[in-house]
Amino acid sequence: MYRVDLNSDLGESFGNYTIGMDERIIPLVTSANVACGYHASDPVVMERTIAMAREAGIEVGAHPGFPDLMGFGRRNLAVTPAEAKAYTLYQLGALDAFCRSHGLRMQHVKPHGALYNMAAKDYALARGICEAIREFDPQLIVMALYGGELIHAAQDLGLRAAMEVFADRAYEEDGSLVNRRREGAMITDEETAIARVVRMIKEQKVTAITGKDIPIQADSVCVHGDGVKALAFVERIREALSAEGIALCPLKEIVS
């Protein structure tokens, strides 16, 4: 039987600025990646997001990013592995405070934006992130790109690793995500996104932006919470997965 986790990046509003449709998306996913105050969010938003996740009965993960509110964490920063480790540890501690206050335990960690993409290609940076995770809680699952250095670092440090795929992003031939500034980087057609997701799960393949099929593994499917069609994608993908006999369940039931 096919099983997959459905995750979304949430809790990314800040002060008076609202990003995404968290209230409507949270009940539809199995895992929430919650921003920790560096690339997005604030204490009030973090508390509210954790409360909604608890009420919906879904799993919670930390979504640490670069300290770059202005750039939403999508700008590459020149940081050392030691700095990346400290940034990650700081954000895990912040989110964990809210989880504890609601009687929850974090399930996973998924770096955000530029930190995520840089760690996929830079082993030293990835190891710094994973060292922070292991020292904070070695039971946490690391969510990252299939075949990337973050997966390798997690495995080297004895952490559980989950391979993530994206419903709304295009891939390069090396398995990395197409830069958002490039034409075709975002998948906006619902039918195309759904067909790609089903194929990634069942056939473990995806067509890169060049037209070449590449291997992939899908433990979790991400739909960005701030996407224009985020809600429609989540609703349609859930329906399609059910029709294809693919069960939805949280990461902790998939990754041993």
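Leaving aside its neighbours within four places in sequence, which residues is Val 197 in contact with? The answer is Ala 167, Val 221, Ile 237 and Leu 241. Keep in mind as we go that this is a predicted model. Val 197 is found in helix 7, and with a relative accessibility of 1% it counts as buried, because the cut-off for that is under 20%. One more pairing is worth finding on screen: Phe 166 is 31 residues from Val 197 in sequence, yet the two C-alpha atoms are 7.7 Å apart in space.

Ile 237, one of the contacts of Val 197, takes us to the core. The largest nonpolar core has 80 residues, and Ile 237 is among those with the most contacts inside it, together with Leu 95 and Tyr 171. Which helix gives this core its largest share? That is helix 8, residues 230–243, with seven residues. There is also a second, separate core of seven residues, and Met 143, Leu 251, Ile 254 and Val 255 are included in it. As general background, nonpolar side chains in soluble globular proteins tend to be buried together.

Now pick out Leu 95. Not counting residues up to four places away in sequence, Leu 95 touches Val 34, Ala 35 and Cys 36, then Met 46 and Ile 50, then Val 60, Gly 61 and Ala 62, and finally Met 106. Two of those names, Met 46 and Ile 50, come up again where helix 2 meets helix 3.

So how do we describe a pair of helices like that? Two packed helices are described by the angle between their axes and the distance between the axes. For helix 2 (residues 43–56) and helix 3 (residues 81–101), the angle is about 45° and the axes are 9 Å apart. That angle is why the two helices count as oblique to each other, and their crossing is right-handed. On the helix 2 side, the meeting residues are Pro 43, Met 46, Glu 47 and Ile 50; on the helix 3 side, they are Ala 94, Leu 95, Phe 98 and Cys 99. By type, the residues of this contact come out as seven nonpolar, one charged and no polar.

Just ahead of helix 2, have a look at Ser 41, which sits in the loop between strand 2 (31–35) and helix 2. Ser 41 is not a glycine, but its phi is positive, at about 80°. Is Ser 41 buried or exposed? With 1% relative accessibility, Ser 41 counts as buried. Gln 204 also has a positive phi without being a glycine, near 55° in this case. You'll find Gln 204 in the loop between helix 7 (190–202) and strand 7 (205–207), where it is partly exposed, with a relative accessible area of 44%.

Next comes another helix pair. Helix 5 (residues 123–136) packs with helix 6 (residues 149–156) at an angle of about 50°, and their axes are 8 Å apart. These helices are therefore oblique to each other, and helix 5 passes helix 6 in a right-handed crossing. Helix 5 brings Tyr 123, Ala 126, Arg 127, Ile 129 and Cys 130 to the contact, while helix 6 brings Glu 149, Leu 150, His 152, Ala 153, Ala 154 and Asp 156. The residues here divide into seven nonpolar, one polar and three charged.

Zoom in on Ala 153 in helix 6. Its relative accessibility is 0%, so Ala 153 counts as buried. Leaving out residues up to four places away in sequence, Ala 153 touches Tyr 123, Ala 126, Arg 127 and Cys 130, all of which are listed for helix 5 in the contact with helix 6. Glu 23, by contrast, is 130 residues from Ala 153 along the chain, with 34 Å between their C-alpha atoms.

The last stop is Val 109, in strand 4 (residues 108–109). Val 109 counts as buried, at 0% relative accessibility. Setting aside neighbours within four places in sequence, its contacts are Ala 62, Pro 64, Leu 92, Ile 133, Leu 140, Ile 141, Val 142 and Met 143. Ala 62 is touched by Leu 95 too, and Met 143 is a name from the second core. Finally, Val 109 and Ala 144 are 35 residues apart along the chain, and their C-alpha atoms are separated by 8.8 Å.

Key. Residues are numbered from 1 along each chain as its sequence is written. This is a predicted model: local features need pLDDT of at least 70, side-chain atom pairs count only at pLDDT 80 or more; totals for chains, interfaces and linings use all residues. Side-chain values use heavy atoms; hydrogens and water are left out. Axes are lines fitted to C-alpha atoms, for helices over the stretch in contact, and angles run from 0 to 180 degrees between N-to-C directions. Helices (H or I, at least four residues) and strands (E, at least two) are DSSP runs, numbered from the N terminus. Angles under 35 degrees count as roughly parallel, over 145 as roughly antiparallel, 65 to 115 as roughly perpendicular and the rest as oblique. A crossing is left-handed if the near helix is turned anticlockwise from the far one by less than a right angle, and right-handed if clockwise. Contact means heavy atoms within 4.5 Å. Ala, Val, Leu, Ile, Met, Phe, Trp, Tyr, Cys and Pro count as nonpolar, Asp, Glu, Lys and Arg as charged, and the others, Gly among them, as polar. A nonpolar core is a set of buried Ala, Val, Leu, Ile, Met, Phe, Trp, Tyr and Cys residues joined through side-chain atoms within 4.5 Å. Buried means under 20% relative accessible area, exposed over 50%, partly exposed in between (1.4 Å probe, protein chains only).
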